[in-house]
Amino acid sequence: MTTLIAVAPALPDAPELVTDLSWAGMQVLDRCQCADLVRSAVRHAPDVVVVWDPHPGTDDQAPLFAAVRLLNEIQPTPVLAFTSEVAAEAMEASIRAGIQ
């Protein structure tokens with residue numbers, strides 16, 4: 001069974017990500033906000049980090065991209081992100097940060 005942590009804004013601003021992932025047969029070890037991404041990943045050592053962020057930003061200093069870069073330095077973990085952002089700059093920044 002794939003283990004993961006789910007990173008999303010506080011409810012009700014986020015879809016019920018944990019329920020959807022659990023129904024898909026994944027074991028959700030934790031749900032946190034972006035500020036706690038690295039701490040949660042180090043604590044739980046998931047197979048993958050799944051992120052839902054509607055607008056992560058378009059520059060390399062955006063909080064999500066900074067957190068993913070730090071995670072890759074401390075404990076490399078695959079990160080899968082879902083977003084509503086349509087700007088190419090956001091995609092480029094996410095790839096530079098290490099998001100798949």
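This text goes through the nonpolar cores, one buried serine and the largest pocket of a predicted model.

The largest nonpolar core has 18 residues, and among these L37 and V49 touch the most other members. At least two residues of this core come from each of β1 (3–7), α2, β3 (48–52), α3 and α4. Helix α3 supplies the largest share, five residues. Another core, of nine residues, lies apart from it and includes A6, A8, L17 and V48.

For V49, the residues touched, not counting those up to four places away in sequence, are I5, V7, L37, A41, L71, T77, P78, V79 and L80.

Helix α2 spans residues 37–44 and also holds S40. Is S40 buried or exposed? Its relative accessible area is 4%, and because this is under the 20% cut-off, S40 counts as buried. Leaving aside neighbours within four places in sequence, the contacts of S40 are I5, D30, C32 and A45. I5 is thus listed for S40 and also for V49.

The remaining topic is open space. A probe the size of a water molecule, rolled over the atoms, shows where space is left empty. In this model the largest pocket holds about 210 Å³ of space. Its lining is made up of 14 residues, with A81, T83, A90, M91 and S94 lying nearest the centre. The elements that give two or more residues to this lining are α3 (63–74), β4 (79–82) and α4 (88–97). Helix α4 provides the largest share, three residues. By residue class, the lining of the largest pocket comprises 10 nonpolar residues, three polar and one charged.

Methods
Residues are numbered from 1 along each chain as its sequence is written. This is a predicted model: local features need pLDDT of at least 70, side-chain atom pairs count only at pLDDT 80 or more; totals for chains, interfaces and linings use all residues. Side-chain values use heavy atoms; hydrogens and water are left out. On a 1 Å grid over the protein atoms alone, a cavity is a set of points where a 1.4 Å probe fits but cannot get out, and a pocket is an open set with protein on both sides within 12 Å along at least five of seven lines; lining residues have an atom within 4 Å of a point. Grid points are joined across faces, edges and corners, and a volume is the space filled by probe spheres set on the points. Helices (H or I, at least four residues) and strands (E, at least two) are DSSP runs, numbered from the N terminus. Ala, Val, Leu, Ile, Met, Phe, Trp, Tyr, Cys and Pro count as nonpolar, Asp, Glu, Lys and Arg as charged, and the others, Gly among them, as polar. Buried means under 20% relative accessible area, exposed over 50%, partly exposed in between (1.4 Å probe, protein chains only). Contact means heavy atoms within 4.5 Å. A nonpolar core is a set of buried Ala, Val, Leu, Ile, Met, Phe, Trp, Tyr and Cys residues joined through side-chain atoms within 4.5 Å.
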